[in-house]
Amino acid sequence: MNAWQVARLVAAKDLRVELRSRVVLNQVLPFAGLVMVMFAFALDKDNILQRVSPGLIWLATVFSLLILVQRTFAIESADGALDALRGAGVSPAGVFFGKSLALAVQLLTLEVLLTGLAVVLYSASFSPGGAVVMVATVLPATMGLGFVGTLYGGLAIGASGRETLLPLLLFPVVAPVLIGATRATEAALGAGGAATSDGWPWVALLTVFAVLFGVGGSLAFGPLIEE
Amino acid sequence: MNAAAQAVVPLGVEPVIRLVEAVAVLGKFPALAGTTLTVRRGEIVLLRGANGAGKTTLLRLCAGLVPLVRGSGWVVGCDLATQRESLRSRVGLLGHANGLYGDLSVSENVRFWGATAGAARHEVEAALERMGLAGRLADVKVDRLSAGQKRRTSLACLVARRAQLWLLDEPHAGLDATGRDDLDATVRSAALAGATVVVASHELERAGALATRVVDIVGGQAHEHAAEPAPRAEPASDTDGRGLQ
């Protein structure tokens with residue numbers, strides 16, 4: 001099997017596991033929703049909430065990413081499946097892309113919910129041009145988060161105390177996505193007087209980040225999961 | 001000649017496993033301390049030894065999952081020093097863990113692992129049938145199975161992967177009498193079809209009856225056992241050595 005066939009197989013398997021277990025639906029989505037509501041309680045002023053809503057959307061996404069990454073590697077380590085994948089001789093790059101893709105699909109679902117909540121709770125709104133920038137922001141940001149999550153999830157899987165180690169490793173690395181996606185979303189929403197066109201340089205940064213971690217992650221994932 | 005560029009040796013010409021003074025370490029501990037072992041095609045070899053003797057490490061070395069630190073070794077024609085990745089797709093290891101996804105059904109697990117080796121749908125169904133997992137059990141989530149049923153599912157995954165070399169670590173563990181009989185029949189059929197099987201087991205009576213040869217592992221080294229193995233038929237000559245189809 002080539003790497004793309006492996007990626008399709010692994011992504012389909014991970015999404016099927018999610019459909020059966022409904023962890024994202026029953027636990028991660030409510031968690032992300034609660035984070036948004038708690039922010040609304042904590043900040044409690046419409047003008048502040050509108051101003052900071054782009055950052056809150058992406059903060060809630062990054063917090064949820066942590067749970068998703070831990071979950072996606074927990075299913076691999078529970079009964080030695082990752083070891084069996086290594087033993088099956090399938091392409092590690094294929095496993096990396098497959099797990100990243102499945103993670104990105106789940107994140108995308110989450111981001112749609114969070115953006116909807118921002119509209120309802122924080123009175124955020126899009127112009128037609130802003131909606132285009134938002135879509136262009138979400139795609140590379142989500143893929144970047146998927147790649148980083150899979151790479152660092154693979155790095156932490158064999159470590160003792162991985163539950164606490166993962167956020168320490170992951171949060172500094174996703175900081176560029178948090179900054180870039182927040183700025184681009186501010187432009188998309190017109191928050192703080194930002195113009196829609198201000199978003200495009202940040203979209204470019206997010207794309208570069210996603211490409212770098214996609215290429216680097218696919219090369220590094222194999223050695224990472226080896227003993 | 002550059003070892004990395006060395007061509008894969010065709011099966012049948014070379015033994016399926018050939019280890020010469022092989023050393024493998026776990027951390028800093030030499031789990032295999034100069035093991036020499038030859039296994040030929042169609043053999044069923046029982047590895048016996050105390051806990052920590054090196055049986056599992058030997059199986060994982062042959063599966064390409066543990067690096068060879070010193071000595072030399074070839075498994076299914078691949079050099080353990082340079083071709084571990086090429087080797088893995090041709091070998092099936094059933095370790096202490098089952099390697100299953102608890103949220104997926106039995107048939108979904110077998111289909112997934114079969115697909116990693118390019119198995120067709122009918123081969124997956126045949127594997128389920130052979131391990132007594134067809135019918136109602138096929139749609140049950142693995143998390144809801146007993147330990148023995150999980151072991152059977154894991155074996156079905158191995159059958160679906162059509163490995164040339166089966167490496168079984170305590171395969172009878174958790175199986176009931178029927179499951180053990182099914183396992184033994186499956187292993188014998190695989191060997192008759194040209195696959196080679198190496199079994200590490202503490203269940204000497206049952207595994208000994210299955211084996212054509214017994215090797216003792218003591219202190220990380222292999223010692224041939226003098227006792228006569230159970231008689232069995234010669235491997236069929238018209239198969240491609242890929243085990244059960």
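This is a guided tour of a predicted model, with suggestions for what to select at each stop.

**Confidence first**

Before selecting anything in detail, colour the model by pLDDT, and keep in mind that the model as a whole scores ipTM 0.89 and pTM 0.88. Chain B has a mean pLDDT of 84, and 86% of its residues reach 70 or more. Select residues 1–13 of chain B, where pLDDT stays under 50 and where the model has 20 contacts beyond four places in sequence. Then select residues 231–243 of chain B, another stretch with pLDDT below 50, which has 29 contacts in the model beyond near neighbours in sequence. Among the elements of chain B, helix 3 (residues 106–116) has the highest confidence, at a mean of 96, while strand 10 (residues 221–224) has the lowest, at 83.

**Chain B as a whole**

Show chain B as a cartoon, and you can look for its seven helices and 10 strands. Of its 245 residues, 53% count as buried, and among the contacts between residues at least 6 apart in sequence, 74% join residues at least 24 apart.

Next, colour chain B by its domain assignment, which gives domain 1 as 15–90 together with 163–227, and domain 2 as 98–161. The C-alpha centres of these two domains of chain B lie 23 Å apart, and the contact between the domains takes 11 residues from domain 1 and 12 residues from domain 2. On the domain 1 side of this contact, select helix 6 (residues 177–192) of chain B, which gives the largest share, four residues. By class, the residues on that side of domain 1 are five nonpolar, four polar and two charged.

**An open sheet**

Which strands of chain B form an open sheet, and in what order? Select strands 2, 1, 4 and 5 of chain B, which form such a sheet in the order 2-1-4-5, with antiparallel pairing. Strand 2 (29–39) and strand 5 (78–79) are the edge strands, since each of them pairs on one side only. Inside this sheet, turn to strand 1 (residues 17–26) and strand 4 (residues 70–75) of chain B, which run antiparallel and are joined by five bridges. To find your place along this pair, show B:R18, which stands opposite B:W74 in strand 4.

**A buried strand**

Now select strand 3 (residues 44–48) of chain B, which is largely enclosed by the rest of the structure because five of its five residues are buried. In a regular strand the side chains alternate between the two faces of the sheet. Show the side chains of strand 3 of chain B, and you will find B:I44, B:L46 and B:R48 pointing one way and B:V45 and B:L47 the other way, with all of them buried.

Strand 3 of chain B has parallel partners to look for. It pairs with strand 8 (residues 196–200) of chain B over four bridges in the parallel sense, and B:I44 stands opposite B:V197 in that strand. Strand 3 of chain B also pairs in the parallel sense with strand 9 (residues 213–218) of chain B, again over four bridges, and here B:L47 stands opposite B:V215.

**A glycine in a loop**

Select B:G95, which lies in the loop between strand 6 (91–94) and helix 3 of chain B. Why does B:G95 count as buried? The residue has 21 C-beta neighbours inside 10 Å, and a residue is buried if 20 or more other C-beta atoms lie within that distance. Leaving aside residues up to four places away in sequence, B:G95 touches A:G80 and B:D169. Draw a line from B:G95 to B:L167 as well, for these residues are 72 apart in sequence but 8.1 Å apart in space, C-alpha to C-alpha.

**Where the chains meet**

Bring chain A into view, and select the contact between the chains, which takes 23 residues from chain B and 20 residues from chain A. On the side of chain B, the elements that give two or more residues are helix 2 (84–88) and helix 3, and helix 3 gives the largest share, five residues. That side of chain B has 11 nonpolar, seven polar and five charged residues.

**A long look at helix 5 of chain A**

Finally, select residues 92–122 of chain A, which form helix 5, a helix of 31 residues that reaches 42 Å from its first C-alpha to its last, close to the 45 Å expected. Helix 5 of chain A is largely enclosed by the rest of the structure, because 22 of its 31 residues are buried. Just after the helix, stop at A:S123, whose phi is positive, near 55°.

Technical notes. Residues numbered from 1 in each chain as written. Chains lettered and ligands numbered in written order. Predicted model: local features only at pLDDT ≥ 70, side-chain atom pairs only at ≥ 80, totals over all residues. Expected span 1.5 Å × (residues − 1). Buried ≥ 20, exposed ≤ 12 C-beta atoms within 10 Å, placed from the backbone. Domains from an automatic or database assignment. Contact = placed C-beta atoms within 7 Å. Nonpolar A, V, L, I, M, F, W, Y, C, P; charged D, E, K, R; others polar. pLDDT = per-residue confidence, 0-100. Pairing = 2+ DSSP bridges.
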